[in-house]
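Subject: The structure we talked about

Hi,

Here is the structure I promised to pass on. Have a look at it first, and then read my notes underneath with the viewer open.

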Amino acid sequence: MSSEDFRSLLPLLILAAASILLLVVIAVRRDHRLVYYLTVAALAAALAASLIPVEYSPRTASPLLVIDGFSLFYSALLNAAGLIVVVLSYTYLRPLREQMEEYYVLILLAVLGSVILAASRHFASFFLGLELLSVSLYTLVGYMVRSRDRSMEAGLKYLILAAAAAAFLLFGMALVFYEAGQLGFSGIGKYLAEAEALSLLIITGFGLIIIGIGFKLALAPFHMWAADVYEGAPAPVSALVATVSKGGVVAVLLRFYSEVDGYQFPVLALLFSIFAAASMLGGNLLALLQDNVKRILGYSSIAHLGYLIVAFLSGGAMAAGAATFYLVAYFITILVAFGVVAHLSSGEQEAEKLEDYRSLFWRRPGTAVVFTAALLSLAGIPLTAGFIGKFYIAAAGAQEGLWVLLFILAASSVIGLYYYLRIIMAMFASAKDPAQRIAPLFSGVGLLLVILTVALVWLGVFPQAMLDMINEWVAG
Amino acid sequence: MTPDYMEQGMLLAIVLFCLGFVGLMIRRNVIFMLLSIEIMLNAAGLAFIVSGARWANADGQVMFIFILAMTAAEVSVGLALALKIFQKYKTLDSDAINRMKG
C-alpha cells in the first residue's frame with residue numbers, strides 16, 4: 001500500500017487507533033471526563049479526515065475497501081452523528097451508577113463498523129463492518145445493567161434477532177459465492193451480467209441477503225425488535241441505533257445494488273416494494289397505539305426507512321441523491337428528537353411517557369420548541385428538512401412511475417401526522433400549576449440542540465447547498 | 001472434491017441452517033436460542049467452505065475464519081447478558097423475560 005492509500009484510509013485508522021488508545025487509558029485510570037474528551041477529539045479528527053482526502057479519491061485502497069466521494073460523504077455523516085451522540089451521552093450518563101468509560105469505546109467501534117460498511121466493496125468487509133457495528137450495539141443497548149432492567153431485556157432481544165439476521169445474510173452470501181465464485185461486488189456484477197439464466201440458488205441467496213439487510217434497517221415484516229430496542233436502550237443509544245447503524249447499512253445497500261445492478265431483477269424489486277409498503281403503513285399505524293415517546297420514535301423510524309426504500313427503488317439517476325438527502329434530513333431530525341429525550345431524562349428516570357411531556361412548553365419553552373421543530377420535520381411539514389427530503393423522494397419515485405408506492409407514502413404520512421401532533425398538543429397543553437416552571441439552564445446539550453434545529457430549518461429553506469454537495473460527492 | 005460432493009455439502013449446509021432456524025423459532029430458553037443461532041452461523045460457514053472448494057478459492061475458508069471469530073464475540077456478549085438476566089429474573093425462559101410489549 002502506498003502512502004496515499006494510508007492517507008485515504010485515515011478516517012478508519014483514526015477510529016481504530018483511538019478505540020485501542022481509549023482501552024489503554026481506561027486500564028491506567030478511570031476518568032469519565034478524560035475519556036469523553038478523547039472520544040470527541042477522535043471523532044472530530046475522523047470527521048475532518050473524511051472531508052480532506054477528496055483529492056485522492058476515488059481510490060481502491062484494498063480489494064475490500066474503496067474510498068470515493070460516496071464513502072467519504074457517508075463517513076463524514078456517520079462521524080458527525082457519532083460525535084453528537086457522544087455529546088448527548090456525557091450529560092446523560094453522569095448521574096448513573098454505571099462504569100461508563102467503556103461506553104465510549106463501544107461508540108467508536110460502532111461508528112468504525114458503519115464507516116467500513118460505507119466503504120466496503122466486498123462481502124468480507126460488508127460482513128466485518130456489519131458485525132463490528134452489531135456487536136458494539138448489543139452491548140450498548142444492554143449497557144444499563146445496574147440501573148434499568150429493560151435495557152438488559154432490549155439488549156438480549158436485539159442480540160438474538162440481529163444474530164439470526166446475520167446468519168441469514170451470511171448464508172445468502174455463501175449461496176451467491178457458490179454460484180458466482182466471487183465475493184467482490186464488481187465480480188458478482190460481472191458474473192450476473194454474463195450469466196444467461198440465474199439459478200434458484202443465487203436468487204435465494206439475494207433474497208436472504210435482502211432479509212438480513214431488512215432486519216438491520218427494521219423494515220416490516222422484520223421490524224419487531226425496533227420498538228423494544230428503542231424503548232429499552234438508553235436514549236443516546238437509541239439515537240445511535242436510529243442513525244449510525246441505519247446509515248451504514250443504507251450506504252452498503254446503495255453501493256451493492258448499483259454494482260451488481262440489482263435493478264434488473266423484477267423479483268427483488270417486488271420484494272423491496274412489499275417491504276416499503278408494509279413499513280410505511282405498519283410503522284405509522286402501530287405508532288398510533290403508543291403512548292411512550294421512545295416507542296413512537298421507534299415505529300416512526302420503521303416508516304421513515306420505508307420512505308427511504310421508495311427513493312432507493314426508483315433506481316434512476318436521482319435514487320442515490322434522494323436517498324442520501326433524506327438520510328441527512330432524518331439524521332438531524334432524529335438526533336434532535338432523541339437529544340430532547342436524553343436532555344429531559346434525569347438519572348435513572350427517562351422522560352419517555354407522553355405524560356412527561358404534558359405542558360412542557362410552560363415549564364421549558366426552549367426545549368418544547370426544539371422538539372416541536374423535530375416532530376414537524378418527521379411529519380414532513382414544509383420549511384423543515386423532512387419536507388424537502390420527502391419532496392425529493394416523491395420526485396425520484398414519480399420519475400420512475402412508482403405511483404402505488406407514492407400513494408401509500410402520501411396516505412401513511414397523513415396517518416403519521418396524527419401521532420406527531422398528539423405529542424405537540426400534549427406539550428402545549430396549559431399547565432395546571434404554573435409555579436412548576438423551571439428556569440432553563442444554559443447547557444452544552446441545549447446549545448447543540450439549538451444548532452441542530454437551526455440546521456434542520458436551514459435545510460428546509462435553503463436545501464440547494466446540501467443538494468449540490470450530495471450531487472457532487474455521492475452521485476457524481 | 002467431485003461435483004457430487006459439492007451438492008451434498010450444500011444440501012447438508014441448507015439442512016443445518018433450517019434446523020437452526022426451526023430451533024430458534026420453537027425453543028424458549030435463551031441458551032438454546034443462542035445455540036440455534038450458532039448452528040445457523042456454522043451452516044453458513046460450511047456453505048462457504050464447500051463453495052470455496054468448488055472454485056478452488058481460499059476466500060471461502062477466510063470467510064469461515066471470520067465467521068468463527070465473530071460468533072465467539074457474539075456468544076460472549078450473549079452469555080454475559082444471559083447471566084445478568086438469570087441473576088435478575090431467576091429464569092432463562094424468554095417468555096418470562098419479555099416485559100415490553102405493544
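Below are the things I found, starting with the open pockets and ending with some unusual backbone spots. Please keep in mind that this is a predicted model.

**The pockets**

Let's start with the largest pocket, which holds about 630 Å³ of space. It is lined by 29 residues, and the ones closest to its centre are A:Lys157, A:Leu161, A:Met224, B:Arg28 and B:Met33. The elements that give two or more residues to this lining are α7 (149–180), α9 (200–217), α10 (224–232) and α13 (293–314) of chain A, along with α1 (3–26), α2 (30–54) and α4 (94–97) of chain B. The biggest giver is α7(A), with seven residues. If you sort the lining of the largest pocket by class, you get 19 nonpolar, three polar and seven charged residues.

The second largest pocket has about 430 Å³ of space. Of its 20 lining residues, A:Leu77, A:Ala80, A:Val328, A:Ile332 and A:Met466 lie nearest its centre. Here the helices of chain A that supply at least two residues each are α3 (32–51), α4, α14 (319–344), α19 (444–461) and α20 (464–475). What classes of residue line the second largest pocket? The lining has 20 nonpolar residues, no polar ones and no charged ones.

**The cavities**

There are also closed spaces: the structure holds five cavities of 30 Å³ or more. The largest cavity has about 50 Å³ of space. Its lining is made by A:Ser8, A:Pro11, A:Leu12, A:Ile67, A:Ser71, A:Leu72, A:Ser75, A:Val115 and A:Ala119. In chain A, α2 (10–28), α4 (69–93) and α5 (101–119) each supply at least two of these residues, and α4(A) has the largest share, with three. By class, the lining of the largest cavity splits into six nonpolar, three polar and no charged residues.

**Helix α11 and a glycine in it**

Next, find α11 in chain A. This helix has 26 residues and reaches 37 Å from its first C-alpha to its last, close to the 38 Å expected at 1.5 Å a residue. Even so, α11(A) bends by about 30° at A:Val241. Is α11(A) largely enclosed or largely open? It is largely enclosed by the rest of the structure, because 24 of its 26 residues are buried. Right after α11(A) comes A:Asp261, which has a positive phi, near 50°.

Inside α11 (residues 235–260) you'll find A:Gly247. Its relative accessibility is 0%, so A:Gly247 counts as buried; the cut-off for buried is under 20%. Leaving out neighbours within four places in sequence, A:Gly247 is in contact with A:Tyr74, A:Leu78, A:Leu327 and A:Phe331. Try this in your viewer too: A:Gly247 and A:Ala81 are 166 residues apart in sequence, but their C-alpha atoms are 9.7 Å apart in space.

**Two more residues to click on**

A:Ser136 is in helix α6 (residues 123–141) of chain A. With a relative accessible area of 4%, A:Ser136 is buried. Not counting residues up to four places away in sequence, A:Ser136 touches A:Leu106, A:Leu109 and A:Ala110.

A:Arg422 is in helix α18 (residues 403–428) of chain A. Its relative accessible area is 24%, so A:Arg422 is partly exposed. Beyond neighbours within four places in sequence, A:Arg422 is in contact with A:Leu288, A:Gln290, A:Asp291 and A:Leu354. The C-alpha atoms of A:Arg422 and A:Ala17 are separated by 45 Å, and the two residues are 405 apart along the chain.

**Odd spots in the backbone**

Some background for this part: most residues other than glycine have a negative phi, and most peptide bonds are trans.

Now look at the loop between α9 and α10 of chain A, where A:Ala218 sits. A:Ala218 is not a glycine, yet its phi is positive, about 55°. A:Ala218 is also buried, at 0% relative accessibility. The loop between α9 and α10 of chain A holds A:Pro221 as well. The peptide bond from A:Ala220 to A:Pro221 is cis, with omega near 5°.

Chain B has a spot like this too. B:Lys90 has a positive phi of about 60° although it is not a glycine. You'll find B:Lys90 in the loop between α3 (59–89) and α4 of chain B. Is B:Lys90 buried or exposed? At 61% relative accessibility, B:Lys90 counts as exposed.

Cheers

How values were computed
Residues are numbered from 1 along each chain as its sequence is written. Chains are lettered from A and ligands numbered from 1 in the order in which they are written. This is a predicted model: local features need pLDDT of at least 70, side-chain atom pairs count only at pLDDT 80 or more; totals for chains, interfaces and linings use all residues. Side-chain values use heavy atoms; hydrogens and water are left out. On a 1 Å grid over the protein atoms alone, a cavity is a set of points where a 1.4 Å probe fits but cannot get out, and a pocket is an open set with protein on both sides within 12 Å along at least five of seven lines; lining residues have an atom within 4 Å of a point. Grid points are joined across faces, edges and corners, and a volume is the space filled by probe spheres set on the points. Helices (H or I, at least four residues) and strands (E, at least two) are DSSP runs, numbered from the N terminus. Ala, Val, Leu, Ile, Met, Phe, Trp, Tyr, Cys and Pro count as nonpolar, Asp, Glu, Lys and Arg as charged, and the others, Gly among them, as polar. Buried means under 20% relative accessible area, exposed over 50%, partly exposed in between (1.4 Å probe, protein chains only). Contact means heavy atoms within 4.5 Å. The expected span of a helix is 1.5 Å times one less than its number of residues. The bend at a residue is the angle between axes fitted to the seven residues ending there and the seven starting there.
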